[in-house]
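Here's a quick tour for anyone meeting this structure for the first time. Have a look at the sequence and the model, then read on.

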Amino acid sequence: EVHQEYLELFFRTMAERQNVWVKKTLEKQSPPWTDDKFFRDYKFTNVYRELDRNSQWEINNIIKPKNIKPIDKVWMICFFRLLNEPKFFEFYKEEEGFKNALPLPSEFKKARFYACLTKYRKTGKNPYTSAYLINTACCPKEKRDKCYAFKIIPGIFDNYSDLYEVMQKATDPKQIIKKLMSMPAIAEFVSHEIYISFCYFERYADKAIMKFDQNDFTNVGPGASLGIRLIFPSTKSKDQEQRIYDVREIGDKYLQDNEFQYLNYDKNTGKYSVSSEGQLNLHMVEMFLCEFSKYWKMMMGVGKQRSTYNWK
């Protein structure tokens, strides 16, 4: 069973959201960048996650630099995504005098990290992302900062070299996910976020860091689940992941009908461009299903208020 109107709306909004990025970033147009009242007035995640602020920081400060070993980049990516707040890491670097954006494993000290978390909080700022919340149940009765400093991040420290080895040998991306989820506080959602960051090596680094890409693995987050149920009303929970594959298979035709602008990146110039030719991948579908569910809630007038643009 397919709700055809919502299926078409999904791809139409995906194309329009990408148009907003093109006009805002590539063409440097002044706002508003669209006539769509929701995309005009409210903030939505980019169609390509790598274009979002935090991912751009991660790409430029962790993945691109040639002076950092791949195994150390694995450590840094896991560390970064568990906090996912560039401003804290810039503060952390300045306080500790690291050469790179994040400490190398040899530079990481639990007590110093904890002291920086504490000091950063005293500035009135939150060292953690507001996009998602890490479960600290692995530290019963401990405060979040202490749990991160003495349990969660040390858990990465103890496992990052084994994770790197799994990434080199894995024959299935689920082996990488399983290893990630064996670490304290890394559950299904965050393991997928880290996996997607590993996928960026193929585009932005000298070579890929594993055999897999954004078309080889996906999960179903809560927002994506609602998006799937809107388009496929009778789909059962166990079949929702398959619906993401189904949407990908038919998606390029719908996107081309909506004149979608696929993302390109030139390693020589370090610049983005767009073209009418490309390929929809699983992660684009999964992530924009979440954004589509937010868009639908705004249409229906339900759910919490979203962040607004202040261009008016």
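## A first look around

Met300 sits in helix H13 (residues 282–300); helices here are DSSP runs of H or I with at least four residues, numbered from the N terminus. Keep in mind that this is a predicted model, where local features need pLDDT of at least 70, side-chain atom pairs count only at pLDDT 80 or more, and totals for chains, interfaces and linings use all residues. Residues are numbered from 1 along each chain as its sequence is written, and side-chain values use heavy atoms, leaving out hydrogens and water.

With a relative accessible area of 43%, Met300 is partly exposed. That label lies between buried (under 20% relative accessible area) and exposed (over 50%), using a 1.4 Å probe and protein chains only.

Two loop residues have a positive phi although neither is a glycine. Here they are with their settings:

| Residue | Phi | Loop between | Relative accessibility |
|---|---|---|---|
| Lys28 | about 55° | H1 and H2 | 64%, exposed |
| Asn84 | about 60° | H4 (70–83) and H5 (86–96) | 4%, buried |

The loop between H1 (4–26) and H2 (37–41) also holds Pro32, and the peptide bond from Pro31 to Pro32 is cis, with omega near 0°.

Next stop: Asn215, in the loop between helix H10 (201–204) and H11. Asn215 is buried, at 18% relative accessible area. Its C-alpha atom is 9.7 Å from that of Cys199, 16 residues apart along the chain.

Methods: Helix = DSSP H or I, 4+ residues; strand = E, 2+ residues; numbered from the N terminus.
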